[in-house]
Structures are given as structure tokens and as C-alpha cells.
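Trainee: Got a minute to go through this one with me? I'd like to start with charge pairs.

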Amino acid sequence: MNTLTDLLGNRWLWTAIVASTSAQVLKVLLILLLERRWHPGAFMETGGMPSSHSAVVAALSTGIGLTEGWNTPLFAVAATFALIVMYDATGVRHSSGVQARLLNELVEELRAVVREGFAPQPLRVLLGHTYLEVFVGTLIGIFAAFLAFRVL
């Protein structure tokens with residue numbers, strides 16, 4: 001077997017990649033539509049609408065369910081992995097983003113009080129997702145899997 005050929009022919013992997021990429025492209029387009037600004041850098045950012053993490057794991061687990069069966073150990077592993085990723089995106093990672101925002105605000109207030117030389121680097125704020133962002137990402141992943149394994 002040719003490993004490269006096997007990798008390039010892995011429909012489950014490519015479906016997950018297409019779902020993730022679609023979510024990231026949609027993120028850039030939503031910023032353009034809703035905020036009226038071109039921000040192509042959002043394609044590489046985590047956080048925001050929709051969740052590409054949710055899209056990738058939903059596409060993978062749905063593709064496995066559609067092809068291997070919904071009652072298989074492989075689907076159980078993929079679905080459990082997907083639930084952990086989605087839970088983490090809305091829980092720990094989202095909370096970290098909220099905390100980063102608050103700490104950045106405190107640093108700005110301290111700059112006004114503290115003398116020169118106080119210049120810590122701001123923390124990244126877009127770390128996690130809201131429930132709606134995860135839900136929309138999940139729908140993108142499910143749609144990608146149904147398109148790849150039922151339509152094409």
C-alpha cells in the first residue's frame with residue numbers, strides 16, 4: 001500500500017478538512033458582511049462564528065457514522081472526541097477568553113497609573129466559542145459529511 005495515496009484518498013480526513021476550511025472562510029465572510037471590514041487574518045484565528053473546531057469533529061464523526069454505522073465502536077470514539085472538543089470550546093477555552101479580556105482591561109487601567117516601562121503584551125481574547133458558534137460549526141460539519149458521503 002502506498003501511504004501517500006491512502007492519505008490523499010481518505011474521504012473522512014478530507015471531509016473534516018473541508019468542513020473546517022468552510023467554517024473559517026465563513027468566519028471571514030461574516031466579518032466582511034456584519035462589520036464591513038476585510039479581515040483575512042480571521043481565517044487563521046481561533047474563536048468566533050462559526051467554530052471550525054466543531055465543524056471538523058462533527059464532520060469526522062458524522063462521516064464515520066454514515067459509513068461505518070452508528071452503533072460501532074469507531075463512531076463511539078469519534079462522537080466522544082467530538083463532544084469533548086465542543087465542551088472544551090464552550091467551557092475552558094471560552095472562559096479563558098473572557099478572563100483575557102478582563103486582564104487586558106486591567107492592564108490598560110494600570111498603564112494610566114504606573115510610570116513608564118509598564119508594557120506587558122496583551123493576551124489573546126478569541127480563544128473559545130459561545131454555544132451558538134459551536135452549534136453553527138456542528139451544522140457545517142454535519143452538512144459537509146452528508147454532502148461527501150450521501151450526495152457525492
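Trainee: How many salt bridges does a search of the whole structure find?

Mentor: One, taking a salt bridge as a side-chain nitrogen of Lys or Arg within 4 Å of a carboxyl oxygen of Asp or Glu; the search covered the whole structure. Bear in mind that this is a predicted model, where local features need pLDDT of at least 70, side-chain atom pairs count only at pLDDT 80 or more, and totals for chains, interfaces and linings use all residues. Residues are numbered from 1 along each chain as its sequence is written, and side-chain values use heavy atoms, with hydrogens and water left out.

Trainee: Which side chains meet in that salt bridge?

Mentor: Arginine 37 and glutamate 35, at 2.6 Å from N to O. Side chains of opposite charge can pair when their charged atoms come close.

Trainee: Is arginine 37 buried, exposed or partly exposed? And what about glutamate 35?

Mentor: Arginine 37 is partly exposed because its relative accessibility is 39%. Glutamate 35 is also put in the partly exposed class, at 45%. The classes are buried under 20% relative accessible area, exposed over 50%, and partly exposed in between, with a 1.4 Å probe and protein chains only.

Trainee: What about arginine 36, anything on its phi?

Mentor: Arginine 36 has a positive phi of about 55°, although it is not a glycine. It is found in the loop between H2 and H3, and with a relative accessible area of 70% it is exposed. Helices here are DSSP runs of H or I with at least four residues, strands are E runs of at least two, and both are numbered from the N terminus.

Trainee: Where is proline 50, then?

Mentor: Proline 50 has its place in the loop between H2 and H3. The peptide bond leading from methionine 49 to proline 50 is cis, with omega near -10°.

Trainee: New topic: how much space lies in the largest pocket?

Mentor: About 200 Å³. Pockets are found on a 1 Å grid over the protein atoms alone: a pocket is an open set of points with protein on both sides within 12 Å along at least five of seven lines, a cavity is a set where a 1.4 Å probe fits but cannot get out, and lining residues have an atom within 4 Å of a point. Points are joined across faces, edges and corners, and the volume is the space filled by probe spheres set on them.

Trainee: Which residues lie nearest its centre?

Mentor: Lys27, Ile31, Glu35, Gly48 and Met49, out of 14 lining residues. By class, the lining has six nonpolar, four polar and four charged residues. Ala, Val, Leu, Ile, Met, Phe, Trp, Tyr, Cys and Pro count as nonpolar, Asp, Glu, Lys and Arg as charged, and the others, Gly among them, as polar.

Trainee: Where does methionine 44 lie?

Mentor: In the loop between helix H2 (11-35) and helix H3 (52-68). Methionine 44 counts as exposed because its relative accessibility is 68%.

Trainee: And valine 57, buried or exposed?

Mentor: Valine 57 is found in helix H3 and counts as buried, at 3% relative accessibility. Its C-alpha is 9.7 Å from that of isoleucine 17, with the two positions 40 residues apart in sequence numbering.
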